[in-house]
Amino acid sequence: MTKPPRKPSKPLLGDADALLHSRPHRRRDPNQPNLPLDPMPDRIEPCLALLKARPPKGDDWVYEIKWDGYRLSVHIDPTGIRILTRGGHDWTHRFPAIKQAALWLPVGTAILDGEAVVLDEQGRPDFGLLQQSLGGRGGKKMSSDAIFMAFDLLYFDGHDLRKSELDVRRHLLEDLVPAGGQGDIRLSEEIEADGDQLLASACEHGLEGIIAKRRDSPYRSGRLGDWVKIKRILSDSFVIVGYERSTVARAGIGRLLLAARKGMKLVYVGGVGTGFNERNAYELRQKLDRLITSTPAAVVDRKGAIFVKPELIAEIEYRGWTDDGKLRHASYKGLREEQDNAGVSEIE
């Protein structure tokens, strides 16, 4: 949406200082075709960022802060607002403040891509606070604390923008959601900076990392490399395939046993025994005990391991990989929502 031109300070004058008038419009030829409009997609698979160790270089790339929350798309049309998760589940009722803010946007039809986050007292996104506001994994609560950080515009006033370059989509988005706003829908602003310096600054401020995007890229669903994520601390989603009991740890969980995907199989990548608090450990133990099985989903050489069906996906922070393919210094962050459709880490 482009801004209307400013009114001139005085009327336009002709040679004889007479006011100029536009020519009268001719009646429209009924045989002339209407400007075609693109049908509004019911759902768009998101463009996903590829994890890299260092920021890409060059003028072809622009940067944003990486937001630690739930990926959502906000659909606006005359029939109402729909807020969909990455997996396509309708969570409109769970984000009433974002829904109301979408109703106020000056647009007839649009699809916004972004992230729902809850900010801490320092203004940083906190994934744990977001989960708490929604009642934990599997909870049914509505979150009035969550805000929507919009970073792309996929459909706008009858036109599908996915084939347009990122710069074009961002220009329209910035007119729709101005920078610096403090509402429940805000703009994830592009930052002109050196990638390494921006990553260092993000680390200093306790942020998760940064995102780099190709300026000239269309919007392509999937993890194809047009978007790249660089994290302060590595984190990814892993399948819980079992656990070990403890007599001293909270809720009796000493260690979660984790697996990543390798082709069509799950491969054991080590365990995690830190990051739990009393509340989430108790809830986690209840979920795990309902999934106990005698058939391990991955080969795990751990005595005393209790195996579970591979239905729970945990978000794990870690510092790297050992030579034998296990996670280093892993810490549990929380369970991913089934509706979030979190991708499980894949290894070569």
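In this predicted model, residues 24 or more positions apart account for 67% of the contacts in the chain with a separation of 6 or more. The secondary structure comprises five helices and 18 strands. Of the 348 residues in the chain, 46% are buried. The chain exposes about 19400 Å², and carbon and sulfur atoms supply 49% of that area.

A good place to begin looking inside is the nonpolar interior. The largest nonpolar core has 32 residues, and those with the most contacts inside it are Val74, Ile76, Phe95, Leu112, Leu153 and Ile185. Both helices and strands build this core: two or more residues come from each of the helices H1 (96–104), H2 (127–133) and H3 (166–176), and likewise from the strands S3 (70–77), S4 (80–85), S5 (110–117), S6 (147–156) and S8 (185–187). A second, separate core of 24 residues includes Phe238, Leu258, Val269 and Leu335.

Val74 offers a handy view of the surroundings of one core residue. Beyond its neighbours within four places in sequence, Val74 is in contact with Ile81, Arg82, Ile83, Ile98, Ala102, Ala110, Ile111, Leu112 and Phe148.

The structure also holds one cavity of 30 Å³ or more, and the volume of the largest cavity is about 90 Å³. Its lining consists of Arg43, Ile44, Pro46, Arg71, Leu72, Ser73, Leu84, Thr85, Arg86, Asp113, Leu154 and Tyr219. Strands S3 and S4 are the elements that give two or more residues to this lining, with S3 giving the most, three residues. By class, six of the lining residues are nonpolar, two are polar and four are charged.

Note on methods:
Residues numbered from 1 in each chain as written. Predicted model: local features only at pLDDT ≥ 70, side-chain atom pairs only at ≥ 80, totals over all residues. Heavy atoms only, no water. Helix = DSSP H or I, 4+ residues; strand = E, 2+ residues; numbered from the N terminus. Buried < 20%, exposed > 50% of the residue type's maximum accessible area, 1.4 Å probe, protein only. Contact = heavy atoms within 4.5 Å. Areas by Shrake-Rupley, 256 points an atom, 1.4 Å probe, with all protein chains shown as cover. Core = buried A, V, L, I, M, F, W, Y, C linked by side-chain atoms within 4.5 Å. 1 Å grid on protein atoms, 1.4 Å probe; cavity = no way out; pocket = protein on both sides within 12 Å on 5 of 7 lines; lining within 4 Å. Points joined across faces, edges and corners; volume = space filled by probe spheres on them. Nonpolar A, V, L, I, M, F, W, Y, C, P; charged D, E, K, R; others polar.
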